[in-house]
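Trainee: I am new to this structure, and I would like to understand the reason behind each label that is used for it. Could we go through the labels one by one, setting each value against its rule?

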Amino acid sequence: MNNISKCQNIIKDLGADALVLCDEADMHYLCGFSPSEGIVFITKNSAYHLVDSRYTETAQNNAAETGLSVIEVNHAFEKEVAAIARKESVKACVFEDETISLKRFNALKSEMGDIEFIELKDRLMLERGRKEADEIVMMKKANAIAEKSFIELLNYVEAGKTEKELASQFDYLMAKNGSDGLSFDTILLTGAHTSMPHGVPSDKVIESGDFVLFDFGATYKGYHSDMTRTVAVGSATDEMREMYDLVLKSQLAGIKALNAGVKCADVYKAAYDVLDEKNMAQYFRHGLGHGVGLEIHEGFNASPRSTDTYEVGNVTSIEPGIYIPDKFGIRIEDVCYLSPRGRENLSTVTKELIIL
């Protein structure tokens, strides 16, 4: 089933006549690229991509594959949506209640008159979460770019280099190896800075005996990769090795528990319990994983409060960590795919402790 058909099924299920999409990732899901402006408008029988002149050619190039009818708009997008809605006798329209701006919503309501607006909630996100085979191909390509770049970067990691220096080198390598852009700002931390789960690279210099934590991702045709590895430089103490092995054991437990039909909170607990057995769970201060795809964080998440359940087609990170303030932190992250044939780990870089 193509993505237009999926949206038309949502329209039918919600008793509406149309669906209006303004969110960049949602539009990408339909049009095959990420326009910074525009609207995708889908009715029971038709599907339109409204663009300005900056995106006309790109949209038309993609339309042969996506099936959207491209309309170049020289006035307000909302006016064009309203005109199509009148032409197609739209009485009720589904909208992205979780992401639309108040300004855009008010503009649509103003132009579309007495048309009823129905909340989309997470209906499209659930569809996006069930990845098709072609999406997995693109995610594997993004992951391969990131992994190749990481392996190359290890040749530059040594005492005396700064976090910023290496982060910049990393970003360059990913671009050189084919990334369309970064999944997120590269996290590259050393020494005591590794205890900050989402720390920002600084002028801190790597010293012998430090952990260095890398959290990174490449993108390919809009799809993201995500990986974290922690290595040691020069040497590692017995404590560092013990804690690293514990985090790895926790991650492997989380991956083992991951299957379609399993509650996300139960997968979190499988990893958490390994740390808790050694009285280290207090240093695990974030969720175990999140959906990955056209956005680096999308859809479901694995946390103790999550009410989500994994489904076939889901792609999720599994990333336990421990963060001991003023000492060190360790995180190990893979991305796993719940294929129709079972669980597949998309991440291939070794998780044995690397000492450079």
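**Reading the labels**

Mentor: Let us start inside: the largest nonpolar core has 37 residues, and Leu21, Leu30, Ile42 and Val315 touch the most other members of it. Such a core is a set of buried Ala, Val, Leu, Ile, Met, Phe, Trp, Tyr and Cys residues joined through side-chain atoms within 4.5 Å. At least two residues each are supplied by α1 (3–13), β1 (18–21), α2 (24–31), β2 (39–43), β3 (47–51), β5 (92–95), α7 (133–153) and β17 (334–339), and the largest share, 5 residues, comes from α2. Helices and strands here are DSSP runs numbered from the N terminus, with H or I over at least four residues for a helix and E over at least two for a strand. Apart from this core lies another one of 32 residues, including Phe211, Val247, Val274 and Ile324.

Trainee: Before we go on, what kind of model is this, and which pLDDT limits apply?

Mentor: This is a predicted model, in which local features need pLDDT of at least 70 and side-chain atom pairs count only at pLDDT 80 or more, while totals for chains, interfaces and linings use all residues. Residues are numbered from 1 along each chain as its sequence is written, and side-chain values use heavy atoms, with hydrogens and water left out.

Trainee: Why is glutamine 251 called buried?

Mentor: Buried means under 20% relative accessible area, exposed means over 50%, and partly exposed is in between, using a 1.4 Å probe and protein chains only. Glutamine 251 has 0% relative accessibility, so it counts as buried. This residue is placed in helix α9 (residues 238–257), and, not counting residues up to four places away in sequence, glutamine 251 touches Ile318, Pro320, Ile332, Glu333, Asp334 and Lys351, where contact means heavy atoms within 4.5 Å.

Trainee: What makes glutamate 37 and arginine 104 a salt bridge?

Mentor: The rule asks for a side-chain nitrogen of Lys or Arg within 4 Å of a carboxyl oxygen of Asp or Glu, and the closest N and O atoms of glutamate 37 and arginine 104 are 3.9 Å apart, which the label salt bridge reflects. The two partners are 67 residues apart, with glutamate 37 in the loop between α2 and β2 and arginine 104 in helix α5 (residues 102–112). Glutamate 37, with a relative accessible area of 33%, is partly exposed, whereas arginine 104, at 15%, is buried.

Trainee: How many salt bridges are found in the whole structure?

Mentor: The search finds 25 salt bridges. One of them joins glutamate 239 to lysine 327 at 2.8 Å, N to O, and this pair links helix α9 with the loop between β15 (321–324) and β16 (328–331), 88 residues apart. Asp26, Arg128, Lys131, Glu295 and Glu298 are linked in a network of salt bridges.

Trainee: How do you know that cysteine 264 is not bonded to the closest cysteine sulfur?

Mentor: A disulfide needs two cysteine sulfur atoms within 2.5 Å, and the closest cysteine sulfur to that of cysteine 264, in cysteine 336, is 13 Å away, so the distance is too far for a bond. The count by this rule is 0 disulfides. Cysteine 264 is buried because its relative accessible area is 0%, and cysteine 336 is buried with a value of 0% too.

Trainee: Why is the pair of phenylalanine 170 and phenylalanine 214 called edge-to-face?

Mentor: Rings of Phe, Tyr and Trp (its six-membered ring) pair if their centres lie within 6.5 Å, and planes under 30 degrees apart count as stacked, over 60 as edge-to-face and the rest as tilted. By this rule there are 13 aromatic pairs. Phenylalanine 170 and phenylalanine 214 have ring centres 6.5 Å apart and planes at 80 degrees, so the pair is edge-to-face. The partners are 44 residues apart, phenylalanine 170 in helix α8 (residues 163–176) and phenylalanine 214 in strand β8 (residues 211–216). Ring pairs also link Phe150, Phe170, Phe214 and Phe216 into a cluster.

Trainee: What makes phenylalanine 300 and tyrosine 310 edge-to-face?

Mentor: Their ring centres are 5.4 Å apart and their planes stand at 75 degrees, so the pair of phenylalanine 300 and tyrosine 310 is edge-to-face. Phenylalanine 300 is buried at 12% relative accessible area, and tyrosine 310 is buried at 1%.
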